[in-house]
Amino acid sequence: MGAIEVEDLRKTYAGGVEALRGVSFAVRPGEVFALLGPNGAGKSTTVRILTTLSAPTAGQARVAGFDVVRQPREVRRRIGSVAQSSGVDLTATGRENLTLQGHLFRLPPAGLRSRTAELLRLFQLEAAADRPAMTYSGGMKRRLDVAMGLIHRPEVLFLDEPTTGLDPESRAVMWKEVRRLAAEGLTLLLTTHYLEEADQLAQRIAIVDGGRIVAAGTPAELKREIPGEAVTLDDVYLKATGHPYRGEGG
Amino acid sequence: MDFLSDTWHLFVRLLRATARMPVFVLISIVQPILWVLLFGQLFAKVTTIQGFGASSYVQFLAPGISIMTALFGAAYSGMGMLADIDRGVLDRLLTTPVSRGALIAARILHSAFQVVIQAAIILAVACLLGARPHGGLAGILTVFLAAALLGAAFAAFSNALALAARKQELVIAVMNFIVLPTTFLSSMIMSRNLMPGWIQGVSRFNPVNWAVTAARDGFEGRSSSEVALSLGLLAVFALICAALATRSFSRYRRAM
């Protein structure tokens, strides 16, 4: 059984915008899977549905073995979610943010205290633990965001655009964190519009364009389908979609 | 149980955020004191109008300003919800198993709590200026309860509106539109005896007036059956507003 199973997922928003036009993929337990595509391709909509924030118009999705529509509570207990728009309470300190998150997952107080301390250490936030998050740098905020998603030791972690807006140094730190989590056997679904990020971090990639998956496979498989040497994901993208990759420019 | 403990943890979060804004705390303490001093001076002579029915205006004003502060403070509670939506905090909370009702309940509780603290300060200042709580401790608790219920109701309504409209400007406009007329269609600053007949009639159906009369009758130690009726009506009104906010919240979640 897959950690994430998505079948013909469709989402049409109230205004008639078709964000997803039939997306299917499966993520194996312990795998790092990337949804790659420009802004507006449907990556965030997919993640919103898988994290129970949004209901699909049609299709099915199971996360950690539970249906996201019929068993949202079971899903929520087993997932960590790090959204693109953060979600850190800026008036609260790092420690308070983590503690509240833990309370809402109903962790017992003693375990929560040690887990909070552990995560602060792991994400190098110890020195800033008792400062309000509004004093944090972008990289620190993002690390806190990821730590919050891990407080309850989830089975699956969603990382929506984990390095967007970060400077190169913070991005390198975040890549290291993702690799460490992957090594621990956590199932990771990450979305990104950076070709290099998907190439570097993910075991398998699905290229999303216009609400559909246009190509999927390991980075090596995807590149192998293109004739020639020094094939990059840019070439893969061009072949799959018919237009060159524009990334954040959209 | 989960609902209660979630509400508590979310309430603590809101309280902490408020406490970390010293200027906000200072203003919310000084502002009601200012009302008591200002209105107390400005309208000092109205008690001499025949039929006003109170000997000292500060005595008359203290419970009224407690309710006014509750109304003004709670009416904009929905703004906090919108800020949480904008910053992604609400989405983050919604991906946890948190009780959905607790997300609304914590905001209502936060407003009610804030309002009671302010009422306590107002009554204390009024007593320094010569007001006397003839209703004793029970009377003071009645003022607190009336303020808390009205605060809870308006906080709930404000959140319902915020979640339906999702625009700060709209919340401000609608609440401004409601707050002042409901204030003046009550006996908050003017004795009921001196109101024109039609305002007397309308005020009977005004929850703000229910709160004002309950608070004032309690503070003065007057007839308890009428106080109980006003508080009962207020409680029903608060429950209706809370139901409205909960409904608005589930609609908001379904629309995502």
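Two residues are in contact if their C-beta atoms, placed from the backbone, lie within 7 Å. The model shown in these views is predicted.

**View 1. Surroundings of A:T191 in strand β8 of chain A.**
A:T191 sits in β8, which covers residues 187–192 of chain A. Which residues does A:T191 contact, leaving aside its neighbours within four places in sequence? They are A:L35, A:K43, A:S44, A:V47, A:D160 and A:E161. Is A:T191 buried or exposed? A:T191 has 26 C-beta neighbours inside 10 Å, so it counts as buried; the cut-off for burial is 20 or more. A:L119 lies 72 residues from A:T191 along the chain, and their C-alpha atoms are separated by 23 Å.

**View 2. Chain A as a whole, with nine helices and ten strands.**
Chain A combines nine helices with ten strands. Its radius of gyration is 18 Å, close to the 18 Å that the globule rule gives for 250 residues, so chain A is as compact as a globular protein of that length. The C-alpha trace of chain A spans about 55 × 40 × 35 Å along its principal axes. Of the 250 residues in chain A, 47% count as buried. Contacts in chain A with a separation of 6 or more are 66% between residues 24 or more positions apart.

**View 3. The side of chain A that touches chain B.**
Here 24 residues of chain A are in contact with 20 residues of chain B. Which elements of chain A give two or more residues to this side? They are α2 (72–78) and α3 (94–104) of chain A. The largest share, four residues, comes from α3(A). For the complex, the predictor gives an ipTM of 0.91 and a pTM of 0.92.

**View 4. Chain B as a whole, with eleven helices and zero strands.**
Along the sequence, chain B reads α-α-α-α-α-α-α-α-α-α-α. The radius of gyration of chain B is 19 Å, close to the 18 Å that the globule rule gives for 256 residues, so chain B is as compact as a globular protein of that length. Its C-alpha trace spans about 60 × 40 × 35 Å along the principal axes. Buried residues make up 46% of the 256 residues. Among contacts in chain B with a separation of 6 or more, 81% come from residues 24 or more positions apart. The mean pLDDT of chain B is 94, and 100% of its residues reach 70 or more. Among the elements of chain B, α2 (residues 22–42) has the lowest mean pLDDT, 91, and α7 (residues 136–165) the highest, 97.

**View 5. Helix α3 against helix α6 in chain B.**
The axes of α3(B) (residues 57–74) and α6(B) (residues 100–128) come within 9 Å and cross at roughly 155°. That angle is over 145 degrees, so α3(B) is roughly antiparallel to α6(B). The crossing is right-handed. From α3(B), the contact includes B:V58, B:A62, B:I65 and B:T69. From α6(B), it includes B:S111, B:Q114, B:V115 and B:I122.

**View 6. Helix α3 against helix α7 in chain B.**
The axes of α3(B) and α7(B) come within 8 Å and cross at roughly 20°. That angle is under 35 degrees, so α3(B) is roughly parallel to α7(B). This crossing is right-handed. Residues of α3(B) that meet α7(B) include B:P63, B:I67 and B:L71. Among the residues of α7(B) that they meet are B:V143, B:L150 and B:F154.

Notes:
Residues are numbered from 1 along each chain as its sequence is written. Chains are lettered from A and ligands numbered from 1 in the order in which they are written. This is a predicted model: local features need pLDDT of at least 70, side-chain atom pairs count only at pLDDT 80 or more; totals for chains, interfaces and linings use all residues. pLDDT is the predictor's confidence in each residue, from 0 to 100. The radius of gyration is taken over C-alpha atoms; the globule rule is 2.2 Å times the number of residues to the power 0.38. A residue is buried if 20 or more other C-beta atoms lie within 10 Å of its own, exposed if 12 or fewer, and partly exposed in between; C-beta atoms are placed from the backbone. Axes are lines fitted to C-alpha atoms, for helices over the stretch in contact, and angles run from 0 to 180 degrees between N-to-C directions. Angles under 35 degrees count as roughly parallel, over 145 as roughly antiparallel, 65 to 115 as roughly perpendicular and the rest as oblique. A crossing is left-handed if the near helix is turned anticlockwise from the far one by less than a right angle, and right-handed if clockwise.
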